[in-house]
Amino acid sequence: MGQPESGKISKITSLTPGKNGAIRRGTPPASASETKPALKISGIACGCGSCDTETPKQELPPSEPKLTTAINCGCDSCDDEQKEQKADTQPSVDVGAISCSCDSCDDSHESETAEEKPSLLTSNQKLVLAGIFAVAAEAIDWFSVSEWLAAFFALIAVALSGVTTYKKGWQALRRFDPNMHALMSIAVTGAFLIGQWPEAAMVMVLFNIAEFLESKSLERARNAIQELMTLTPEQALVQQSDNTWKELYINTVGVNQVIRIKPGVRIPLDGTVIRGSSSVDQAPITGESLPAEKNEGDVVYAGTINQQGSFDYRVTATTQNTLLARIIHSVEEAQGKRAPIQRLVDRFARIYTPIILTIAVLVALVPPLFFAAPWFEWLYKALVLLVIGCPCALVLSTPVAIVTALSVAARHGILIKGGHYLELGRKLQVLALDKTGTITTGKPELTDMIPLADTDSAECQQIAVALAAHSEHPVSRTIVRAYPETADLLVQNITSLTGAGIQGVIAGETFRLISPKAFAANNALTAQVAQPISQYEAQGKTVVLLVKADTSLALFAVADTIKASSQQAITELHHLHIHTVMLTGDNAHTANRIATQAGIDQVYSNQLPEDKLNQIDTMSKQQIVGMVGDGINDAPALARASIGFAMGGMGSDTAIETANIALMDDDLRKVPLFVRLSQATWRNILQNITVALGIKAGFLLATLLGFGTLWMAVFADMGTSLLVVANAMRLLRFK
């Protein structure tokens, strides 16, 4: 019945050892046996639409660490744009407390904390007792036992369940900003005044039961985000300076330290494998369905799960900078940014509620004053209108769906930095893509090897690898990777041929691994050599020659290969009627080859960063354009596009920070998945709004025709709100 209380992670600070799997930052206590304080929440963000400030962030002294987060209070008195403020003088509250202390919202929300003041009854117990007294009042009234006893039981029921509702309603009326609590308070008070004691009590009890059920229903969406925080273990097995191994809290582990991972455990920090191999389940972070094989040199992420093998890895990021921490931060940012449809609904609700109140007043006064209608009958109809007119379901229609969709996207390895981009995704018309690292793997591979003389292929490979091992050029490194089992040869007198290749002496003979252009500068290329070179270069491949003296022994062709997922991604984008464009700095031959393989509609080659920016500018004048990239050179275009997608795994920090959405496993198929999620979310929101307004309109008409009662109004309002929440929860099953 109130606003969704969606958890929003705003900051992670140091946390002492406690619950398994919690993220730990800062310095741990000297002993794990020390008292473990409860997790703390410090910022309570009012998310209901009428106050201009957010609850001040309440900081604990440095000696008492905490986990900070913000929770929408649901008080219907906060503004769309919430801003974080710090209030060092106020104490932090425990997890679960929902209190709003913003300057323009005086609601006194009941806090349920571990350190709250002693009370004879909990809020749930009070609600149960209120229900019993309300039913008793109805029974007494039904059997006409005693009107005064029925009134007494009804007053007890309202006192037990309605104090908070009355407080919120009074604060809203005092600000001349009527909300659902104000409408409910007026309705219950009016029912008392006309002698409908049992109905007044039942209305208040049912209203509070509805709020309780809604809060429980919303926990699924809220927990889907908060579960991200439990993905890492609190301790890790770390190598010490004397080569021994010791269990340490992960917030004490620094960059370049070595951690040993045993089978079946979660990886605590990001790093690079230095010894051993295994398969790792990366689904919690990247959404990949199959485990990824990890060998020496491969990257592992915090929060992922090791499978059968064991390995050691060197830490590359502390707890504040892991990929998981970036995910949590991105989700937090996204929850704080309202989608346009959500802001529109909130603004409509602000207008809608006073209109309902005005209509109720007219219904109560006009017929009796001008048409001599019975006062009791029309006052009762006005009270029913107030109850059914509560905008609960309408206000819930968008934020629950959006928060749920953000949770689903994060689960699939798609980090969306705001509801605005989630809503805009369904309108995407053109998708521009960088080539290297986006459509292709970004790692050249050896595609062809041709002997050119009467020499053994294996011998040519062995000589080429021996020379290439002494070069850091990408082509040389590709040749070395292509033949890992080749035996080492002794190379002497190694000489780097600047811009051309490398030269060395093997078994007394001079060999060169050289580019065809450099070789042709001093030697005539025979047709046997020139023809395959032209053929491969026309395909966008890079060619090097292995030569001895002036004789070409073998040809090696290297190319950046397309990702296995790219073709499928482009096909899915076409099914969604999205035009695809490649923007690459590579030459036309290479660009056309990759575009043909991937099925891309349009290609622009030899593009500098400013050229990419200009292309995005031109396309954006008439269409909604997205841009996918991974490098610093893509950042300007990513920023200018309507939606910027960054490759979150191998992408540069600049690209990831600039983009609106990060694809955590560098899989282009996540782009059409995002578009489909955006479409599903929009359909869900429209369904919710239609149901909320449709049911209310129908019941308002029934009430004016004399068929509505207070009981029916509460059930209709409660049922509509729960129906809207349940419909939004269906998005959790999105695949």
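## Exercises on a predicted model

Leaving out residues up to four places away in sequence, Ile439 touches Leu433, Asp434, Ile562, Lys563, Ser566, Met582, Ile594, Ala598, Ile600 and Leu668. Keep in mind that you're working with a predicted model. Let's start from that residue.

### Exercise 1: The cores

Task: Find out which residues of the largest nonpolar core touch the most other members, and which helix gives the largest share of this core.

Solution:
- Step 1. Start with the size: the largest nonpolar core holds 54 residues.
- Step 2. Pick out the best-connected members: Ile416, Leu431, Ile439, Phe645 and Phe674 touch the most other members. So that's where Ile439 comes back in.
- Step 3. Now look for the helix. Helix α22 (residues 670-704) supplies the largest share of this core, with 9 residues.
- Step 4. Another core of 48 residues lies apart from this one, and Ile140, Ala200, Ala201 and Val384 are among its members.

### Exercise 2: Two helices that cross

Task: Work out whether helices α2 and α3 are roughly parallel or roughly perpendicular to each other.

Solution:
- Step 1. Get the geometry. The axes of α2 (residues 147-161) and α3 (residues 163-174) come within 5 Å and cross at roughly 70 degrees.
- Step 2. Apply the cut-off: angles of 65 to 115 degrees count as roughly perpendicular. α2 and α3 are therefore roughly perpendicular to each other.
- Step 3. See who meets whom: Val158, Ala159 and Ser161 on the α2 side meet Val163, Thr165 and Tyr166 on the α3 side.
- Step 4. Sort these by class, and the contact of α2 with α3 has 4 nonpolar and 2 polar residues, but no charged ones.

### Exercise 3: Two buried residues

Task: Decide whether Ser185 counts as buried or exposed, then do likewise for Thr478.

Solution:
- Step 1. Place Ser185: you'll find it in helix α4 (residues 180-193).
- Step 2. The cut-off for buried is under 20% relative accessible area. Ser185 has 5% relative accessibility, so it counts as buried.
- Step 3. Check its surroundings. Not counting residues up to four places away in sequence, Ser185 touches Thr165, Tyr166 and Gly169.
- Step 4. Move to Thr478, which sits in helix α14 (residues 474-482). Its relative accessibility is 2%, so Thr478 counts as buried.
- Step 5. Setting aside neighbours within four places in sequence, Thr478 is in contact with Pro444, Glu445, Leu446 and Val558. Pro444 is 34 residues away along the chain, yet the C-alpha atoms of Thr478 and Pro444 are separated by 6.3 Å.

### Exercise 4: Following the strands

Task: Trace how strand β21 pairs with β20 and with β22.

Solution:
- Step 1. β20 (residues 501-506) and β21 (residues 509-514) run antiparallel, joined by 6 bridges. Gly501 stands opposite Ile514 in β21.
- Step 2. Look at the turn: β20 and β21 form a hairpin with 2 residues between them, and Ala507 in that turn has a positive phi of about 50 degrees.
- Step 3. On to β22 (residues 542-548), which pairs with β21 in the antiparallel sense over 4 bridges. Here the bridge partner of Ile514 is Leu545.

### Exercise 5: Edges of a sheet

Task: Which strands stand at the edges of the open sheet β12-β11-β14?

Solution:
- Step 1. This open sheet has 3 strands in that order, with antiparallel pairing.
- Step 2. β12 (292-294) and β14 (305-306) each have a single partner strand, so they stand at the edges, and one side of each is left without a neighbour in the sheet.
- Step 3. Zoom in on one pair: β11 (residues 278-281) and β12 are joined by 3 bridges, and Val280 has Ala292 in β12 as its bridge partner.

Technical notes:
Residues numbered from 1 in each chain as written. Predicted model: local features only at pLDDT ≥ 70, side-chain atom pairs only at ≥ 80, totals over all residues. Heavy atoms only, no water. Axes fitted to C-alpha atoms, helices over the stretch in contact; angles between N-to-C directions. Parallel < 35°, antiparallel > 145°, perpendicular 65-115°, else oblique. Contact = heavy atoms within 4.5 Å. Nonpolar A, V, L, I, M, F, W, Y, C, P; charged D, E, K, R; others polar. Pairing = 2+ DSSP bridges. Core = buried A, V, L, I, M, F, W, Y, C linked by side-chain atoms within 4.5 Å. Buried < 20%, exposed > 50% of the residue type's maximum accessible area, 1.4 Å probe, protein only.
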